[in-house]
Amino acid sequence: MSTPIIPRAHDLGGGFTVRRVLPSVQRQGIGPFVFFDHFGPVIAHPGDNHDVRPHPHIGLATVTYLFEGAMMHRDSTGVVQRIEPGAINWMTAGRGIVHSERTPDDLRDVSRNSHGFQLWAALPVEHEEDAPAFSHTPASAIPVVTLPGATVRVLVGGAFGVSSPVATLSPTLYLAIELEAGASVTVPAAAVERGIYSVDADVSVDGASLPSAQMLVLEEGAEPVIHAAQATRLMVLGGAPLGHRFMVWNFVSSRKERILQAQDDWEAQRFPTVPGETEFIPLPVRRP
């Protein structure tokens, strides 16, 4: 049976609220993805501070995709990358990375739209302690498939006869689909686990209603027909499951003791630093 997931609102600070779909009560993840935040659409005005200050990660890969806006990524490997709509930015935390995501200087004094997604993919156990790395794939390198009434961008993995150039460490699927009003698309069984999220409007999935901004986890092997009465964008994500992960703050691991070590390391400021950054976010109060 398909499983619906209703997101909960989560305030990142400064009045910047996101819809958090994963992890949820219904399930921790879909394929390797254990975290799914949908932010915006929101208009940021001059003086609004939506910067994400330097913070650490272990055991995961962050996956950033924008519809609108821009952010400046900086990390402890020395990478500085402007993130813009349509690109896939994949940061492998491995044994430990620190990064910030800030408003580019040229946008700080103007009103700007912000809309996109931040996902985390767990790493396979054998890669949890890999060296940290960052990979930027521009929008121009993302394969696009044109169907009747639909446009599919294959962000990660393979579907509709094409494959993304984004390298992953386990089978992973991530699609962005634009559906015209009155159009339908069949979602292929391109991954063991898959979820569908409609961004702008309600859709029907094999005749059953899926409200906008909700996730529907599909049955394995199913190839449902998605119909949009109104134009909308769909996000499809999934892949091969990697098993349970412990998740505390920004840390993900198959081993609880590794989480504890990461907490100790952040408190003692043993993580690598981001060149040019001086701010430090204290570790949240530890749960008993």
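**Exercise 1. A salt bridge at the end of the helix**

Which residue meets the side chain of R270 in a salt bridge, and what is the N to O distance?

*Solution.* Begin with the ground rules: this is a predicted model, in which local features need pLDDT of at least 70 and side-chain atom pairs count only at pLDDT 80 or more, while totals for chains, interfaces and linings use all residues. Residues are numbered from 1 along each chain as its sequence is written, and side-chain values use heavy atoms, with hydrogens and water left out.

Next, apply the criterion, by which a salt bridge is a side-chain nitrogen of Lys or Arg within 4 Å of a carboxyl oxygen of Asp or Glu. The partner of R270 is D265, at 2.8 Å from N to O.

Finally, compare the surroundings, where buried means under 20% relative accessible area, exposed over 50%, and partly exposed in between (1.4 Å probe, protein chains only). R270 is exposed, with a relative accessible area of 53%, whereas D265 is buried at 16%.

**Exercise 2. Salt bridges between separate parts of the chain**

Determine which parts of the chain are linked by the salt bridges of D37 and of E279.

*Solution.* The structure holds 18 salt bridges, and one of them joins the side chains of D37 and R20 at 2.7 Å, N to O. Because D37 lies in strand 4 (residues 33-44) and R20 in strand 3 (residues 17-22), this pair ties together parts that are 17 residues apart in sequence. Helices (H or I, at least four residues) and strands (E, at least two) are DSSP runs, numbered from the N terminus. Both D37 and R20 are buried.

Turn then to E279, which forms a salt bridge with R102, the closest N and O atoms being 2.6 Å apart. This pair links distant parts of the chain, 177 residues apart, with E279 in the segment after helix 1 (256-267) and R102 in strand 10 (residues 97-102). E279 is partly exposed at 38% relative accessibility, while R102, at 13%, is buried. Both residues also belong to a network of salt bridges with shared partners, which includes D51, D105, R108 and E277 as well.

**Exercise 3. The buried side of helix 1**

Work out how the buried residues of helix 1 are arranged around its axis, and which strands they pack against.

*Solution.* Helix 1 has twelve residues and reaches 17 Å from its first C-alpha to its last, close to the 16 Å expected at 1.5 Å a residue; the expected span is 1.5 Å times one less than the number of residues. Its buried residues are R258, I259, A262, Q263, D265 and W266. These residues cover an arc of only 165 degrees, so they lie on the same side of helix 1, the arc being that of the directions from the helix axis to the C-beta atoms.

The buried residues pack against strand 5 (52-57), strand 10, strand 25 (246-248) and strand 26 (251-253), where contact means heavy atoms within 4.5 Å.

**Exercise 4. Strand 24 and its partners**

Identify the strands that are joined to strand 24, and give the direction of each pairing.

*Solution.* Strand 24 (residues 232-239) is mostly covered, with seven of its eight residues buried. Two strands pair if DSSP finds at least two bridges between them. Eight bridges join strand 17 (residues 172-179) to strand 24 in an antiparallel arrangement, with L179 opposite T232. Strand 19 (residues 193-198) is also antiparallel to strand 24 and is joined by six bridges, with S198 opposite L234.
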